[in-house]
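Open the structure in your viewer and keep the sequence panel beside it. The tour below goes from one selection to the next and says what is at each stop.

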Amino acid sequence: HNKADLFKRTQDYLIFKKIVGRYKTKFAFHLFHYCLMPNHIHLLLKTQHCKEFPRILQGITQSYSFYYREVYNHVGYVYQGRYKSFLIKNDSYLLECGRYIERNPLRAGLIDDLSQYRWSSYNFYAHGQFDGLVTMDPLYESIEINEQKRMLKYRQYILEERPYEKALDDVMVGG
């Protein structure tokens, strides 16, 4: 809310990831890509049934709100407005959405090297780091058969700047 930080310390990120993991078990959804930014989150997920989507997001955000209010003695809204969601109808767009999500820390100027950002799915795909939240994006394996070459091509794909990203940022975050 008011662009205030959702995550003020490492423990906050860890708690949020734990909450997502709990809901992932409860609803059996796939989380293909994510990025936890200091003042907002991005989750690219697939549910078994579309009616579960709002319940998943509501559960995750409410659970974290309860935690945040208790820890920071916060009164009022934690999140600003309703979440934005976009239906991905074309599988080929799945990897591109993941790319947009994982580039967030770079575009925001938080870091210069994405591998240094701990709170996204980038290192799962780009460096093979285990992340219990991530379900492998079905298009990721089609990049390359060889795992090392696949990770290299993924890093190149993610790090390539695109001219439309500023316009997309404006749509996604209401800039």
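Select Lys26 to begin; this residue sits in helix H1. The model is predicted, not experimental. Lys26 counts as exposed, because its relative accessibility is 60% and the cut-off for exposed is over 50%. Now add Ile56 to the selection. Lys26 and Ile56 are 30 residues apart along the chain, and their C-alpha atoms are separated by 9.0 Å.

**The positive patch**

Keep Lys26 selected and add Lys18, Arg22, Lys51 and Arg55. Together with Lys26, these residues form a positive surface patch. Which helix gives the most to the positive patch? Colour residues 10-27 to see the answer: helix H1 contributes three residues, the most of any element.

**The whole chain**

Clear the selection and switch to a cartoon view. The protein has seven helices and two strands. Read from the N terminus, the order of elements is α-β-β-α-α-α-α-α-α, so both strands follow the opening helix and come ahead of the other helices in this α/β numbering. Of the 175 residues in the protein, 42% are buried.

**The nonpolar core**

Next select Phe16, Phe29, Ile60, Tyr64 and Tyr154 and show their side chains. These residues have the most contacts inside the largest nonpolar core, a set of 46 residues. Several elements each supply at least two residues of this core: H1, strand E1 (30-36), strand E2 (41-46), helix H2 (52-72), helix H3 (92-102), helix H5 (122-127) and helix H6 (147-159). H1 gives the most to the core, with seven residues. Helix H1 is thus a stop on two parts of the tour: it gives the most to the positive patch and the most to this core.

**Two loops with positive phi**

Move to the loop between H1 and E1, and pick out Ala28 there. Its phi is near 55°, a positive value in a residue other than glycine. Is Ala28 buried, partly exposed or exposed? With a relative accessible area of 44%, Ala28 is partly exposed.

Then go to the loop between H2 and H3 and select Asn73. Asn73 also has a positive phi, near 50°, and is likewise a residue other than glycine. Its relative accessible area is 68%, so Asn73 is exposed.

**Helix H3**

Select helix H3, residues 92-102. Nine of its eleven residues are buried, so the helix is largely enclosed by the rest of the structure. The buried residues are Leu94, Leu95, Glu96, Cys97, Gly98, Arg99, Tyr100, Ile101 and Glu102.

Within H3, show the side chains of Glu96 and Arg99. They form a salt bridge, with the closest N and O atoms 4.0 Å apart. Why are Glu96 and Arg99 separated by about one helical turn? They are three residues apart in helix H3. An α-helix has 3.6 residues a turn, so residues three or four places apart point the same way. Both partners of this salt bridge, Glu96 and Arg99, are buried.

**Other salt bridges**

The structure holds four salt bridges. For another one, select Asp12 and Arg9, whose side chains meet at 3.5 Å, N to O. Which of the two is buried and which partly exposed? Asp12 has a relative accessible area of 0% and is buried, whereas Arg9, at 39% relative accessibility, counts as partly exposed.

Now select Lys153 and Glu144. These residues also form a salt bridge, and their closest N and O atoms are 3.1 Å apart. Lys153 counts as partly exposed, at 38% relative accessibility.

**Last stop: helix H5**

Finish on Ala126, which is in helix H5. Is Ala126 buried or exposed? Its relative accessible area is 0%, so Ala126 is buried. Add Arg150 and draw a distance from C-alpha to C-alpha. Ala126 and Arg150 are 24 residues apart in sequence and 8.2 Å apart in space.

Definitions and conventions
Residues numbered from 1 in each chain as written. Predicted model: local features only at pLDDT ≥ 70, side-chain atom pairs only at ≥ 80, totals over all residues. Heavy atoms only, no water. Patch = residues over 30% accessible without salt bridge, like charges linked within 9 Å, V, L, I, M, F, W, Y side chains within 5 Å. Areas by Shrake-Rupley, 256 points an atom, 1.4 Å probe, with all protein chains shown as cover. Lys, Arg positive; Asp, Glu negative; His and termini not counted. Charge placed at Lys NZ, Arg CZ, Asp CG, Glu CD. Helix = DSSP H or I, 4+ residues; strand = E, 2+ residues; numbered from the N terminus. Core = buried A, V, L, I, M, F, W, Y, C linked by side-chain atoms within 4.5 Å. Buried < 20%, exposed > 50% of the residue type's maximum accessible area, 1.4 Å probe, protein only.
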